[in-house]
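Me: Could you take a close look at one part of this model for me? I'd like a connected walk through how that part is put together and how far the prediction can be trusted there.

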Amino acid sequence: MNTEEEKILQLLKGVVDPELMVNIVDLGLVYDVRVNESEKKIDVDLTLTSPGCPMGELIIEDMKQLITVNYADYKVSVNLVWEPMWTLERLTEKGKAALGKN
Amino acid sequence: MNQIASQNAPSPKVVIPHFVFGGMTWLAVTTLIIFNPEAFTQHFFNPLLLSITHLLALGWITMVIFGALYQLIPVIMEVKLYSEKMAIFSFILLGLGAILLPFSFWNSQLGSFMYVSATIIVIGIGLFVANILFTALQSTKKSIEKIFILTAVIWLLFTVLAGLTLAINLAHPFLELSHLELLKLHAHAGVVGWFIQLIIGVSSRLLPMFMVSHNLNTKKLTFAYFFINIGLVIGIVSLFIEQANGVITSVFAVVFGIFCYLSFIYEAYKKRVKKHLDIGMKQTAISYIILILPLSLIFILLFKFEILETLTLPLAVAYGSTIFIGFITSLIMGQTYKTLPFIVWLKVYRNQVGKVKMPLPKDLYSEKVATIQLWLFALGFVTLLVGITFTTNNIVRASGILLFIAVALYNFNILKIVFHQPKKIE
């Protein structure tokens, strides 16, 4: 990940899973962030803790909104991916600690 | 698969009325307990208790389950609900039947009034069953949860058809079996076949999702499925041909099956990543503790211990109460806080990101009110059991008052959630 992609990842810490009340980055739901500066495109690969998670749509909407506000001239796409499947190992230490408390 | 479950969600107009109707019915039942406590202090085959049980089973429990299922089926089967119109018709007919049938029991109006009420229920439930089966046909997803739900739905249809047969047999006896045995058959098909299996199907998906529990042994659920269904079929045939040993075998099989399921839920609880149990999950946990009561009482009733002979009738009433008012009601009240706020939250905030202030789904109800409601409910339920065991009307009445306040608070929270309005960003 380059600096810009790292910056977006940090930005996405502002998106919280409404059921678990932990941000999607510390939950390990963001698999990849790709910025294509020449085509002005930002792609994010996202998964959910469970395929049935009914919150997906709003989480994606929230992510797009947040990125668009900061990168107004970029086209933002969020791709929902299911492989590899999300496991507990994807949680960051902060995520684990937050889930233990919440 | 690149699909989001919420895109398959039905219109909230289909789901929400079920919760409101259910909550109001449960409140009405608590007033009936206050003014008619004698329903719980005599033989269980009395018109008042039959009315209360049917109001609870149809107007409260089945009603809320229908609403919740319309939301959850797309999550579990990953397809849209077959028909929202059918769901609305089913709601109207079930609501009407759930009021008329208990009314006919209350006034001991056997005959045409009862048949018409029962038929309305059969049609309403028939529409629901067809809707779920057609939805399942569109889904290629295979899972044990789906199998549990579909089997439960078939048992529901069997239960209401058996109920209609009972209603006809009550006015024009044509079956040789006693009404009491037929009632046991009808009740257990409903409780085990419909409620318990449906609860297993839905909770084995939802509870691990809420607690973030992974790597669970789903073989336990497969065992549960076979033991419960084989046990239930043996039980129903044995009750019909009056084979006591068959009934005993069936109880052991069903209870073992339920323990397999409980072991799965316990595993999910132990492996949970989300440690804190919120108010909805606390009430859910309490309902599983309550479940120990009917699972123990069934053996006491089955073996008719001499020492407890004088208590047999009150214990039979207590058995039913621990299932309907205890386990299932507590579970539904708890899970309401886990599902309804999300349903309304999605409805209100879809396409609103960035335009309005976004609360969390849990901010849609008052946690303080929910906490008071939970403990008043627990106290009311224990008081009810004491009143039933000692056949004391005043204690049952006192339990009715406690439950009334608890359910009024529950309804307050339901309405607070349903009428939630977004706040504009200044």
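**Confidence and helix packing in chain B**

Reply: Happy to. Within chain B, confidence is lowest in strand 2 (residues 423–424), with a mean of 74, and highest in helix 12 (residues 393–418), at 98. This is a predicted model, and chain B averages a pLDDT of 92, with 97% of the residues scoring at least 70. For the complex, the predictor gives an ipTM of 0.80 and a pTM of 0.91.

Now to the pair formed by helix 1 and helix 2 of chain B. Helix 1 (residues 12–35) packs against helix 2 at an angle of about 160°, and their axes are 8 Å apart. Angles over 145 degrees count as roughly antiparallel, and helix 1 and helix 2 of chain B are therefore roughly antiparallel to each other. Their crossing is left-handed. On the helix 1 side, the residues that meet helix 2 include B:V14, B:F19, B:G22, B:W26 and B:L32; among their counterparts in helix 2 are B:I52, B:L56, B:G59, B:W60 and B:Y70. By class, this contact has 16 nonpolar and six polar residues, and no charged ones.

Helix 2 of chain B also takes part in the contact between chains. There, 26 residues of chain B are in contact with 23 residues of chain A. Helix 2 (47–77), helix 6 (179–211) and helix 10 (312–349) of chain B each supply at least two residues of the side that touches chain A. That side of chain B divides into 16 nonpolar, six polar and four charged residues.

Notes. Residues are numbered from 1 along each chain as its sequence is written. Chains are lettered from A and ligands numbered from 1 in the order in which they are written. This is a predicted model: local features need pLDDT of at least 70, side-chain atom pairs count only at pLDDT 80 or more; totals for chains, interfaces and linings use all residues. Two residues are in contact if their C-beta atoms, placed from the backbone, lie within 7 Å. Helices (H or I, at least four residues) and strands (E, at least two) are DSSP runs, numbered from the N terminus. Ala, Val, Leu, Ile, Met, Phe, Trp, Tyr, Cys and Pro count as nonpolar, Asp, Glu, Lys and Arg as charged, and the others, Gly among them, as polar. Axes are lines fitted to C-alpha atoms, for helices over the stretch in contact, and angles run from 0 to 180 degrees between N-to-C directions. Angles under 35 degrees count as roughly parallel, over 145 as roughly antiparallel, 65 to 115 as roughly perpendicular and the rest as oblique. A crossing is left-handed if the near helix is turned anticlockwise from the far one by less than a right angle, and right-handed if clockwise. pLDDT is the predictor's confidence in each residue, from 0 to 100.
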